[in-house]
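Hello,

Here is the structure I promised to hand over. Please have a look, then read my notes below.

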Amino acid sequence: MIIVMNGKTDHSDVEKVINKLKELGHEVHISQGEKRIILGVIGNVENLVSVPFYAYNGVEEIIRILKPYKLASREFKDFDTTIKVKDIIIGGKEVIVMAGPCVVENEQQIFETAHQVKASGAKILRGGAFKPRTSPYSFQGLGEEGLKLLAQAGKENGLAVVTEVMSVNQIDLIAKYTDIFQVGARNMQNFVLLTELGKTKKPILLKRGMSATIEEFLLSAEYILSEGNYEVILCERGIRTFENYTRNTLDLSAIPAIKRLSHLPIIVDPSHATGRWRLVSPMAKAAIAAGADGLIIEVHPDPKSSLSDGAQSLQLDTFAQLMKELRPIIQAVGREFGSSLENELERIKN
Ligand code: PEP
Ligand code: MN
């Protein structure tokens, strides 16, 4: 259930409603907008039915959210969520590109990649240290050594970093090095992991499970939000279909669909979606045209020697070319490339 209050309501009047809800045993999630303040209560709300909330100052509307996901829904928040990572805003007007290798392999590889993707306009460096490989015999990542290299390469090149966390017992270690936790497709429904990440204070990049519906995807985000971490970035990375020319099938329609259903930012991973580097640039462009807030792309200085996902990794110059070609598309859909933090913050205020 949500209680919609006028955005100009006195703080003490808002507190009165919150206190009443708490007194009746409810946890309250607050979404503070310019025009409206929304108080969300999740779970059994039967004991609220007889409370005359309309009699409280500032209360405009009481609505039951019928969708199974609540905090992730547009009903709970009617303006887009923006997430600040260092001096970057995700979900604002600027399109944000994350790029880097599938897995951190050595110092030379990650530093060279970081330097080049930064020069091309990427803002966030990706790189796995703990990898969810399909085969137990494949390279599993460098572990903490990989995290250290990723963090150093990011720092020296002025890039934020994102890396995957596969289990609860890795959270504390990875938190020391990363700016954003990535939850991979294979873990989208690892509810214990989602719950624990919901208790952290870092943004979560949540990838869509390979056979997850949009509703299941948003319910996974809800697990994180309901624990109090509202900074979830969704990532469409392709789903399994009967087509096997591509590694997965990129569900482009999920972008506008999720924009309607949810206030959370959504980015696209054309690398895992296609599995073929030649298809990455066209699908990256299509994703931006469809309204994605950003991209996450695998880039490697020498894809043929890559220890993971070489076939879908862009070479550094191909990535640079893509970044150039994206600009007119970004402009055409009314977005920006390389906006300053000040501009973004100003826009969010208004
Ligand atoms: C990755 O980003 O390297 C990855 C393993 O992606 P996904 O979880 O989408 O398969
Ligand atoms: Mn990969």
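Which pocket does ligand 1 take up? Ligand 1 fills the space of the second largest pocket. (A pocket, on a 1 Å grid over the protein atoms alone, is an open set of points where a 1.4 Å probe fits, with protein on both sides within 12 Å along at least five of seven lines; a molecule sits in it if more than half of its atoms lie within 2 Å of its grid points.)

This is a predicted model, in which local features need pLDDT of at least 70, side-chain atom pairs need pLDDT 80 or more, and totals for chains, interfaces and linings use all residues. Residues are numbered from 1 along each chain as written, chains are lettered from A and ligands numbered from 1 in written order, and side-chain values use heavy atoms, without hydrogens and water.

Ligand 1 has polar contacts (N or O pairs within 3.5 Å). A polar side-chain atom of Lys131 lies 2.7 Å from one of its oxygen atoms. For Gln182 the distance is 2.9 Å.

Now the metal. Cys102 (SG), His272 (NE2), Glu298 (OE) and Asp309 (OD) coordinate the manganese ion (ligand 2) at 2.0 to 2.4 Å. (Donors are N, O and S atoms within 2.8 Å of the metal, or 3.2 Å for Na, K and Ca.) Along the chain, their spacing is C-x169-H-x25-E-x10-D.

Cys102 and Glu298 also belong to the surroundings of ligand 1, where a residue counts if a heavy atom lies within 4 Å.

Best wishes

Notes:
Polar contact = N/O pair within 3.5 Å; in protein donor to acceptor, adjacent residues only side chain to side chain. 1 Å grid on protein atoms, 1.4 Å probe; cavity = no way out; pocket = protein on both sides within 12 Å on 5 of 7 lines; lining within 4 Å.
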